[in-house]
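Hi,

Here is the structure I promised to pass on. Have a look at it first, and then read my notes underneath.

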Amino acid sequence: MKGIPDLFEFTDGSPVKTEEDWRKRRLEMLELLSRHEYGFTPEKQGETTYKLISTDTKCASGHGVLDRLEITFPTQKGDFTFPVNYFHPTGNKKHLTFILINFRPDPYDMYFPAEEIIDNGFGIAQFYYEDITADANDFTSGIAPMFERRNDGTDWGKIGMWAFAASRVADILLSFPETERLAVIGHSRLGKTALWCGAQDERIDFVFSNDSGCSGAAYERIKHGGSETIARITEVFPYWFCENYKKFAQYPDTRPFDQHMLLALSAPRFLGVGSADLDDWADQYSEQLSCVFAGDAWTKIYNKPGFVGPTEAAKIGDAFSSGSVHYHLRDGIHFLGRADWNAYMAFVKSKKFS
Ligand code: GCU
């Protein structure tokens, strides 16, 4: 389609054909998204460690274990510690664990059915995003002041910081013998965060964005009535992004990137995007279109099915899961609910690993 920033063309205009080319193009796209949208993520400063605070061996009807952990990682200005609730099936069986970047600190929460997730054989490690840094235009809390600022318009915003913390959870989970695979998942602003985390952290096998909308999964150049725009998001939530992002507020089509690039950075791993019928603000059809456009990375570079589904707007109840890129549209409002989890878990179960 005309005007779509080309995934398969280097900034200098030369073509991206092979997997080796793609690995280089990947770095270019990460640089574009860092410089113009989310800001640059600082280097990891050293080893991540954890402490087991308590264990409930009979959580979720006695089907699972809840370990309450404290995770510590070094920053440029000392150590930083935050709590994580790690639910996993009893018996140390190997499993995939979802890293859920969540809106509330409580171990049990309306955004995830702990018992069902465990009964499906998965683990879930969730942390509260404001334990990392406040969701406010204030860079004095949590890890925000613990890294030097670049002061050139490219400093990481809050999305970058929350995504960085999700990767520190991955550091610890990967040291556990029962961890077979990892997924990262978030809803709305934290769906944007999950996508940015998965784009950067290739240790994560499944990247899930639920209702992430503008500056998440939604393709910005094709927006539909009543949906959020870059102009609006950078006015109300400027601190989620780097300062440079505002430059595009009035001229979004001049950007050398769009959100399909963010999604394509998950290739050749697995990607899942969910939308809700009544969530026009997130622009469901634009979220689907990003999957369509990003899917080419799997097909053209990796010879794998990418997004296997229509280019016309999905109908309520549709779920397209046969490729490496899943998309579903469920009924209801902006929420990370049971139907979303069931769709994501079914997608994971349907995939074989080589
Ligand atoms: C606002 C914002 C969205 C965001 C959402 C959320 O609606 O405009 O971009 O996704 O909050 O995080 O709940």
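Below is what I found, starting with the ligand and moving on to the pocket and a few single residues. Please keep in mind that this is a predicted model.

**The ligand site**

Which residues sit around the ligand? They are Ser188, Arg189, Lys192, Glu228, Ile233, Phe237, Trp240, Trp281 and His334. Sorted by class, that shell comes to 4 nonpolar, 2 polar and 3 charged residues.

Some of these side chains make polar contacts with oxygen atoms of the ligand. For Arg189, a side-chain N or O atom is 2.5 Å from a ligand oxygen. Lys192 has a polar side-chain atom 2.8 Å from an oxygen of the ligand, and for Trp281 the corresponding distance is 2.9 Å. As for cover, the ligand on its own has 320 Å² of accessible area, and the protein covers 83% of that.

Ser188, from the same shell, is worth a click for its backbone too. Its phi is positive, about 60°, although Ser188 is not a glycine. You'll find Ser188 in the loop between strand S6 (179-187) and H4. Is Ser188 buried or exposed? It counts as buried, because its relative accessibility is 13% and the cut-off for buried is under 20%.

**The largest pocket**

Rolling a probe the size of a water molecule over the atoms shows where empty space is left. The largest pocket here has a volume of about 330 Å³. It is lined by 15 residues, and those closest to its centre are Thr41, Pro42, Glu43, Phe164 and Gln200. Helix H1 (19-38), helix H3 (158-173) and helix H4 (189-200) are the elements that each give two or more residues to the lining. Which of them gives the largest share? That is H3, with 4 residues. By class, the lining divides into 6 nonpolar, 4 polar and 5 charged residues.

**Backbone oddities**

Most residues other than glycine have a negative phi, and most peptide bonds are trans. Besides Ser188, Ser61 has a positive phi, near 60°. Ser61 is in the loop between strand S1 (49-59) and strand S2 (64-75). Ser61 counts as exposed because its relative accessible area is 55%, and the cut-off for exposed is over 50%.

There is also a cis peptide bond, between Ala267 and Pro268, with omega at about 5°. Pro268 belongs to the loop between helix H6 (259-264) and strand S8 (270-276).

**Three more residues**

- Ser290 is part of helix H7 (residues 284-294). Ser290 counts as buried, since its relative accessibility is 0%. Its side chain reaches the backbone nitrogen of Tyr219 at 3.2 Å.
- Ser209 is in strand S7 (residues 206-210). Ser209 is buried as well, with 0% relative accessibility. Its C-alpha atom is 27 Å from that of Thr49, which is 160 residues away along the chain.
- Gly225 is in the loop between S7 and helix H5 (230-236). Gly225 is exposed, at 68% relative accessible area. Between the C-alpha atoms of Gly225 and Tyr108 there are 36 Å, and along the chain the two are 117 residues apart.

If you only have a minute, go to the ligand and pick out Arg189, Lys192 and Trp281.

Cheers

Terms used
Residues numbered from 1 in each chain as written. Predicted model: local features only at pLDDT ≥ 70, side-chain atom pairs only at ≥ 80, totals over all residues. Heavy atoms only, no water. Near = heavy atom within 4 Å. Polar contact = N/O pair within 3.5 Å; in protein donor to acceptor, adjacent residues only side chain to side chain. Areas by Shrake-Rupley, 256 points an atom, 1.4 Å probe, with all protein chains shown as cover. Nonpolar A, V, L, I, M, F, W, Y, C, P; charged D, E, K, R; others polar. 1 Å grid on protein atoms, 1.4 Å probe; cavity = no way out; pocket = protein on both sides within 12 Å on 5 of 7 lines; lining within 4 Å. Points joined across faces, edges and corners; volume = space filled by probe spheres on them. Buried < 20%, exposed > 50% of the residue type's maximum accessible area, 1.4 Å probe, protein only.
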